[in-house]
Amino acid sequence: MSKIFQPYQLGPYTLQNRVVMAPMTRSRAQIDGTPGESAAEYYSQRASVGLIVAEGTQPSDDGQGYLTTPGIYTDAHVAGWKKITSAVHAKGGRIFIQLMHVGRMSHPDNTPHHRQALAPSAIAPGAPMFTATGMQDIPVPREMTLDDIKQTVQDFRHAARQAIEAGADGVEIHGANGYLVQQFFAPSSNARTDEYGGSIENRARFAIEVAKAVAEEIGADRTAIRLSPGTNLWGIEEGEEGPALYRHLVSQLNDLGLTYLHVMHQVNEELLADIRALWSQTIILNRPGRPREAVGKDIEAGLADLEAYAQMVLANPDFVARLIADAPLNEADRMTFFGGDDKGYTDYPTLQS
């Protein structure tokens with residue numbers, strides 16, 4: 001049997017296999033950020049994967065960018081997430097909550113406090129954002145003060161504690177896909193001249209401080225981070241120093257003993273190999289668009305310990321069983337990805353249905 005179907009020890013947890021459900025924004029939370037009523041069913045349906053990484057979840061009012069995304073910083077949020085984690089655990093699954101602060105990828109109309117977004121520098125991403133009144137251009141964000149940065153680090157710390165209180169097995173810091181943490185990496189979004197801008201060491205500082213704070217709060221064995229080296233989303237350009245920044249960053253994060261590094265990989269195989277060599281703990285590899293016939297190949301090649309899948313798990317609650325049985329896969333309905341009711345959320349058929 002392929003290694004991907006074998007159990008795996010992730011920190012204190014024994015995973016039933018090496019398949020990971022990648023985090024996917026579904027925009028079905030309540031208006032106050034409490035997970036929606038059907039979220040427990042949605043996640044528990046997919047509990048046969050080794051690890052679920054739940055959708056991007058804001059650690060504060062400032063962290064929200066999109067409509068109806070969940071939070072994990074109020075008592076109501078914790079109560080809502082408890083239903084999800086309990087349902088996943090009841091089926092033998094494991095679940096990490098991804099902490100996502102969007103930074104400049106926001107619009108005041110989408111946040112509880114309707115304030116200007118925070119970012120490393122006052123540079124707009126040059127992209128539109130869906131709001132309740134339709135698509136709008138994203139405004140120029142406010143450059144974070146040093147006090148803002150300190151507070152945001154504490155927001156991540158608090159959210160991590162709340163996630164554990166909600167029954168999550170751990171948290172994944174979202175340092176990828178053009179959101180706040182990655183905005184500090186890129187010269188196109190970070191023009192600071194203080195200790196958080198300029199040099200590679202300075203641009204990596206915020207990510208390291210967040211990871212340290214979270215690991216101190218809940219333990220390194222329950223703390224993870226996701227990175228997407230070279231991903232150019234929404235005006236992010238990491239420049240020629242990008243690979244060097246990631247080598248430095250991964251080395252520093254490795255020293256913290258975090259339980260895993262989740263890499264969304266699309267470019268630069270040489271850098272991926274270097275990251276593998278620099279990282280002593282578990283690596284989860286997500287290759288967007290990876291075909292079914294390539295499932296398990298990165299594990300067999302030693303590039304990854306676990307492999308993450310998004311749309312194929314979204315559309316196939318019994319994804320692992322279908323792989324083992326060599327059964328056909330459901331196609332994902334893109335029209336129901338974001339928002340709406342249970343259609344395209346909890347109604348995908350299984351082999352048994």
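This report describes charged contacts, buried side chains and backbone features in a predicted model.

**Salt bridges**

Across the whole structure, 17 salt bridges are found. Three of them are set out in the table, with the distance between the closest N and O atoms.

| Pair | Closest N and O atoms |
|---|---|
| Glu 217 and Arg 161 | 3.3 Å |
| Arg 247 and Asp 274 | 2.8 Å |
| Asp 298 and Arg 290 | 3.0 Å |

Glu 217 forms a salt bridge with Arg 161. This pair links distant parts of the chain, since Glu 217 belongs to helix 5 (residues 200–218) and Arg 161 to helix 3 (residues 146–165), with their positions 56 residues apart in sequence. Glu 217 has a relative accessible area of 25% and is therefore partly exposed. Arg 161, at 26% relative accessibility, also counts as partly exposed.

Arg 247 forms a salt bridge with Asp 274. Here too the pair links distant parts of the chain: Arg 247 lies in helix 6 (residues 242–254) and Asp 274 in helix 7 (residues 269–278), 27 residues apart. Arg 247 is partly exposed, its relative accessible area being 27%. Asp 274 is likewise partly exposed, with a value of 27%.

The third pair is Asp 298 with Arg 290. Asp 298 has a relative accessibility of 7%, so it counts as buried. Arg 290 is buried as well, at 7% relative accessibility. Both residues belong to one network, in which salt bridges that share partners join Glu 269, Arg 287, Arg 290, Asp 298 and Glu 307.

**A negative surface patch**

Charge also gathers on the surface, where Glu 41, Asp 341, Asp 342 and Asp 347 make up a patch of negative charge. One of these residues, Asp 342, is found in the segment after helix 10 (319–325). Asp 342 has a relative accessible area of 35% and is partly exposed. That value fits its place in the patch, because patches are made of residues with over 30% relative accessible area and no salt bridge.

**Strand 10 and the loop after it**

His 174 is found in strand 10 (residues 170–175). With a relative accessible area of 3%, His 174 is buried. The side chain of His 174 reaches the backbone nitrogen of Ala 176 at 3.3 Å.

Asn 177 is placed in the loop between strand 10 and helix 4 (180–185). Although Asn 177 is not a glycine, it has a positive phi of about 60°. Most residues other than glycine have a negative phi. Asn 177 counts as buried, at 15% relative accessibility.

**Ser 27**

A positive phi is also found at Ser 27, about 50°, although Ser 27 is not a glycine. Ser 27 sits in the loop between strand 3 (19–21) and helix 1 (39–45). At 12% relative accessibility, Ser 27 counts as buried, because that value is under 20%.

**Leu 314**

Leu 314 has its place in helix 9 (residues 311–315). Its relative accessibility is 3%, so Leu 314 counts as buried. Leu 314 and Asp 333 are 19 residues apart in sequence, and their C-alpha atoms are 9.4 Å apart in space.

Technical notes. Residues numbered from 1 in each chain as written. Predicted model: local features only at pLDDT ≥ 70, side-chain atom pairs only at ≥ 80, totals over all residues. Heavy atoms only, no water. Patch = residues over 30% accessible without salt bridge, like charges linked within 9 Å, V, L, I, M, F, W, Y side chains within 5 Å. Areas by Shrake-Rupley, 256 points an atom, 1.4 Å probe, with all protein chains shown as cover. Salt bridge = Lys/Arg side-chain N within 4 Å of Asp/Glu carboxyl O. Lys, Arg positive; Asp, Glu negative; His and termini not counted. Charge placed at Lys NZ, Arg CZ, Asp CG, Glu CD. Helix = DSSP H or I, 4+ residues; strand = E, 2+ residues; numbered from the N terminus. Buried < 20%, exposed > 50% of the residue type's maximum accessible area, 1.4 Å probe, protein only. Polar contact = N/O pair within 3.5 Å; in protein donor to acceptor, adjacent residues only side chain to side chain.
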